[in-house]
Number of protein chains: 2
Amino acid sequence: MSKGPNLTIRDVAQSAGVSVGTVSRVLNRNETVRAEIRDRVHRAIETLGFSPNYVAQSMRSRTTRTVGCIIREISIPPLAAFVRAAHDVLHEAGYALLLTNSEGDIERERELLKRLSRRQADGMMLGLYTPSDAEFDDFLLTLNVPIVVVDRDTPAWADAVMADHHHSTQIMTDHLLTLGHRRIAILTGREDMFPARERLRGYHAAHAAHGVAADPLLMRTGSFLANSGFSAMSELLGSRQRPTAVIAGGIDMLSGVLKAIRLNDLAVPRDISVLGTGDSSLAELYDPPISVERWDQGEVGRVAAGLLLDRISGHAPRAPRHVLLPTEFVLRQSTAPPG
Amino acid sequence: MSKGPNLTIRDVAQSAGVSVGTVSRVLNRNETVRAEIRDRVHRAIETLGFSPNYVAQSMRSRTTRTVGCIIREISIPPLAAFVRAAHDVLHEAGYALLLTNSEGDIERERELLKRLSRRQADGMMLGLYTPSDAEFDDFLLTLNVPIVVVDRDTPAWADAVMADHHHSTQIMTDHLLTLGHRRIAILTGREDMFPARERLRGYHAAHAAHGVAADPLLMRTGSFLANSGFSAMSELLGSRQRPTAVIAGGIDMLSGVLKAIRLNDLAVPRDISVLGTGDSSLAELYDPPISVERWDQGEVGRVAAGLLLDRISGHAPRAPRHVLLPTEFVLRQSTAPPG
């Protein structure tokens, strides 16, 4: 059996007398594993001094001084700002950035992960669309490279940085409810993705605090994209029970929502109140300026790159680090009491 | 002396009996070289079958299947769209993209070029801020890697892709002159950079065609950035002889110009006509929608990646290829006759 820095998940499995899959399930805090087995695995992990990201870090003998980055779409401005900031930190440390664009395609993401690991990237920054489940987390383990997860659900063993979408969406929803809105639409991504689920959680929390029941027909999930924002908004505005306010819950979605509103000849905020997610020139210079949830995408990039460099260089603690960055509500002139 | 695929600029110099610098000046069509010397160098080039990009392509024995890309600022949306399209073509061909961000800093650009060539990138896509002069073109030659230049002045031996900014700026200026404007401001980058110089050329050509003298005080060059657009526009609006129209001649500049106009409580197009460069959600959804020079940044990326892959794979002709992509004028509601 390997010792110290050459440990793998297989050594843990052997030491605990269980399968590799079981170790993986325990590492990912899967509740289906019996408590007794969990304890055995944890004892083995402790005895051996094992931590997957930590092990991946110390096992890599040959360094390439490159870091891979997989995101959905580099041409979305806030994601470009994230990449730019991460690049600067990596560049300063002498690392080059291998950038890829997954288009949110799950097959492509797996292929990109394999390619980057074949190229022996020293670490990877991942903002994936593939849901974090047991099978996929196992797959990530087999890549044997330090990773940092960006604004996504994270395997329990991996480093991560996220923005607090729950907090700002709760405040935005509360703001609309306080103005008197009772039909507040929210358009956001798939519910199994961190930013979407957190926004919905904030939306529900505010409704609960006001004792207002949210209409399920006003929650449109499935995509963060501008085109989907346009279709969902058009559909909502064509329905009999129109919303009086909308939260565009995706960084690329506001333009689509505003186009649908304009096409329906509605005025913001007289006919409909609008809130955006992520700041932009469009939100700032629109007439009226649009209130938004804002967070620092540059900071997301800097923290992600910093966590990964710590991990690669061996300066990170063994335990994974999860950083939650604050968001804020920027109040402009796009909301008013319902007409 | 090396033969065939192992030729370098040194072999050409030796064969012609001149210095390496002289060969470089001839390759870059520098007029300061005497005709007799030029002929000698050209004969040597022909006899040896030399072409720098071609030689760089065939000399590289070890391939890394990576392509380096140096641009000013990944977080400017049109540049991100360029990177995204180039990435897709490269990815399809099995190449990874090493992305860097130069911030338009000349020292940093040289360092990035050295780093990428040390990493043995198989080719490089360059949208640099460093002016193309004899010394710099020599430096590029010494890197000995195929390059494609993007929307910049190009060493005569290198492949390139550019957008036809001259054409669209001439049309935009003509449109304003036809409406009756006589004080048309143009804000754009340094005059020694291709997009800025071409825009100014179009601006002057339209004035000449209308027999109108352009006021030099209305031409503000030096930067393509939004902040500079804001300062230059604020200054112009604070001057005694205000412009009645403005062309924001940088892909990132429109937001700064619009902010300055708003801060001065002026209405578009009643008080001032505004034209932008490069389309965006802001231009499309602003009230009123802003007319712009538009070109396909995705196509720029696809063509640049295609030219480079041809060069890397040895499928390109020996002679460099320069592709000029069309631009168009998208007429919206941001112009009117001067008040």
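**Exercise 1. Find the helix that holds B:Thr169 in this predicted model, and decide whether the residue is buried or exposed.**

Solution. Start with the secondary structure: B:Thr169 sits in helix 8 of chain B, which covers residues 165-179. Next, look at the accessibility. Buried means under 20% relative accessible area. B:Thr169 has 0%, so it counts as buried. Finally, see what surrounds B:Thr169. Apart from neighbours within four places in sequence, its contacts are B:Ile186, B:Arg199, B:Gly202, B:Tyr203 and B:Glu293.

**Exercise 2. One of those contacts, B:Glu293, also has a bridge partner; work out which residue it is and describe the sheet around the strands of chain B.**

Solution. Begin with the pair itself: B:Glu293, in strand 10 of chain B, is the bridge partner of B:Thr277. Then step back to the two strands. Strand 9 (residues 273-277) and strand 10 (residues 291-294) of chain B run parallel and are joined by three bridges. Strands of a sheet pair through backbone hydrogen bonds, either parallel or antiparallel. Now take the sheet as a whole: six strands of chain B form an open sheet with mixed pairing, in the order 7-6-8-9-10-12. At its edges are strand 7 (219-220) and strand 12 (328-330) of chain B, each pairing on one side only.

**Exercise 3. Describe the surroundings of B:Val161, beginning with its strand.**

Solution. First, place the residue: B:Val161 belongs to strand 5 of chain B, residues 159-163. Second, check the accessibility: B:Val161 is buried, because its relative accessible area is 0%. Third, look for contacts beyond four places in sequence. B:Val161 touches a set of residues including B:Val148, B:Val149, B:Val150, B:Asp151, B:Val300 and B:Leu325. As a last step, try a distance: from B:Val161 to B:Pro195 is 34 residues in sequence and 12 Å in space, C-alpha to C-alpha.

**Exercise 4. Describe how chain B meets chain A, going from the whole interface down to single residues.**

Solution. Start with the counts: 39 residues of chain B are in contact with 39 residues of chain A. The size of an interface is often given as the accessible area lost when the parts come together. Here the buried area is about 3200 Å², with carbon and sulfur atoms giving 54%. On the chain B side, B:Arg84, B:His91 and B:Leu285 lose the most area to chain A, together 22% of what that side buries.

Now turn to the polar side of the picture. Eight salt bridges are counted between chain B and chain A. One of them links B:Arg84 with A:Glu103, whose closest N and O atoms are 2.5 Å apart. There are also 16 residue pairs in polar contact, both residues at pLDDT 80 or more.

Which elements of chain B supply two or more residues to this side? They are helix 5 (77-92), strand 2 (96-101), helix 6 (106-118), helix 11 (254-263) and helix 12 (281-285). Helix 5 of chain B gives the largest share, eight residues. By type, the residues on this side of chain B are 16 nonpolar, 10 polar and 13 charged.

Finish with the strands that meet across the two chains. Strand 2 of chain A (residues 96-101) and strand 2 of chain B run antiparallel, joined by three bridges. Within this pairing, A:Leu99 has B:Leu97 as its bridge partner.

**Exercise 5. Look at helix 7 of chain A: which residues in it are buried, and what follows it?**

Solution. In helix 7 (residues 134-143), the buried residues are A:Phe136, A:Asp137, A:Phe139, A:Leu140, A:Leu141 and A:Leu143. Just after helix 7 of chain A comes A:Asn144, with a positive phi near 55 degrees.

Terms used. Residues are numbered from 1 along each chain as its sequence is written. Chains are lettered from A and ligands numbered from 1 in the order in which they are written. This is a predicted model: local features need pLDDT of at least 70, side-chain atom pairs count only at pLDDT 80 or more; totals for chains, interfaces and linings use all residues. Side-chain values use heavy atoms; hydrogens and water are left out. Contact means heavy atoms within 4.5 Å. Buried area is the accessible area (1.4 Å probe) that two parts lose on being put together, summed over both. A salt bridge is a side-chain nitrogen of Lys or Arg within 4 Å of a carboxyl oxygen of Asp or Glu. A polar contact is a pair of N or O atoms within 3.5 Å; within protein, one must be able to donate a hydrogen and the other to accept it, and residues adjacent in sequence count only if both atoms are side-chain atoms. Helices (H or I, at least four residues) and strands (E, at least two) are DSSP runs, numbered from the N terminus. Ala, Val, Leu, Ile, Met, Phe, Trp, Tyr, Cys and Pro count as nonpolar, Asp, Glu, Lys and Arg as charged, and the others, Gly among them, as polar. Two strands pair if DSSP finds at least two bridges between them. Buried means under 20% relative accessible area, exposed over 50%, partly exposed in between (1.4 Å probe, protein chains only).
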